[in-house]
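Trainee: Could we go through this model together, one question at a time?
Mentor: Gladly, here it is.

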Amino acid sequence: RATPEKVEKLRKTLEKIHNVNVTVRRGIVDVHKLIPTQTKVYADELRGRIHELRKGLAEPIVVVKKDNRYYLVDGH
């Protein structure tokens, strides 16, 4: 789950490691623009996520935008 605390921790980490300023915003990102950070997505995970989306149960996700790319941050 993408809690505000987890987002803040990620923001601080990115700023420290990469010496950049990070702005946090809420918004909507087109799914087709997302670049996964996982090397594999298992079918059962994908089916579960599709079910959540269709039922309106999906929780917020964290996306990092760099230039015109949107990276889906793995929630594990």
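Trainee: How many helices and strands does the chain have, and in which order do they run?
Mentor: The chain has two helices and three strands, where helices (H or I, at least four residues) and strands (E, at least two) are DSSP runs numbered from the N terminus. This is a predicted model, in which local features need pLDDT of at least 70 and side-chain atom pairs count only at pLDDT 80 or more, while totals for chains, interfaces and linings use all residues. Residues are numbered from 1 along each chain as its sequence is written, and side-chain values use heavy atoms, leaving out hydrogens and water. From the N terminus on, the elements run α-β-α-β-β.

Trainee: What share of the 76 residues counts as buried?
Mentor: Buried means under 20% relative accessible area, exposed over 50%, and partly exposed in between (1.4 Å probe, protein chains only). By that cut-off, the share of buried residues in the chain is 5%.

Trainee: Which residues does Arg-11 pair with in salt bridges?
Mentor: Side chains of opposite charge can pair when their charged atoms come close. A salt bridge here is a side-chain nitrogen of Lys or Arg within 4 Å of a carboxyl oxygen of Asp or Glu. Arg-11 and Glu-8 both lie in helix α1 (residues 4-18), three residues apart, and Arg-11 and Glu-15 are four residues apart in helix α1, separated by about one helical turn. With closest N and O atoms 2.4 Å apart in one bridge and 2.7 Å apart in the other, the partners of Arg-11 are Glu-8 and Glu-15.

Trainee: Is Arg-11 buried or exposed?
Mentor: Its partner Glu-8 counts as partly exposed at 30% relative accessibility, and Glu-15 counts as partly exposed at 21%. Arg-11 has a relative accessible area of 18%, so Arg-11 is buried.

Trainee: Which residue of helix α2 meets Arg-49 in a salt bridge?
Mentor: The two residues are three apart in helix α2, about one turn of the helix. Arg-49 counts as partly exposed at 29% relative accessibility. The bridge is 3.0 Å from N to O, and the partner is Glu-52.

Trainee: Which residues make the nonpolar surface patch of about 250 Å²?
Mentor: Patches are made of residues with over 30% relative accessible area and no salt bridge, with like charges joined within 9 Å and nonpolar side chains (Val, Leu, Ile, Met, Phe, Trp, Tyr) within 5 Å; accessible areas come from the Shrake-Rupley method with a 1.4 Å probe, and for residues only the protein chains shown count as cover. One member, Ile-50, lies in helix α2 (residues 43-55) and counts as partly exposed at 33% relative accessibility. The patch is made by Val-41, Leu-46 and Ile-50.
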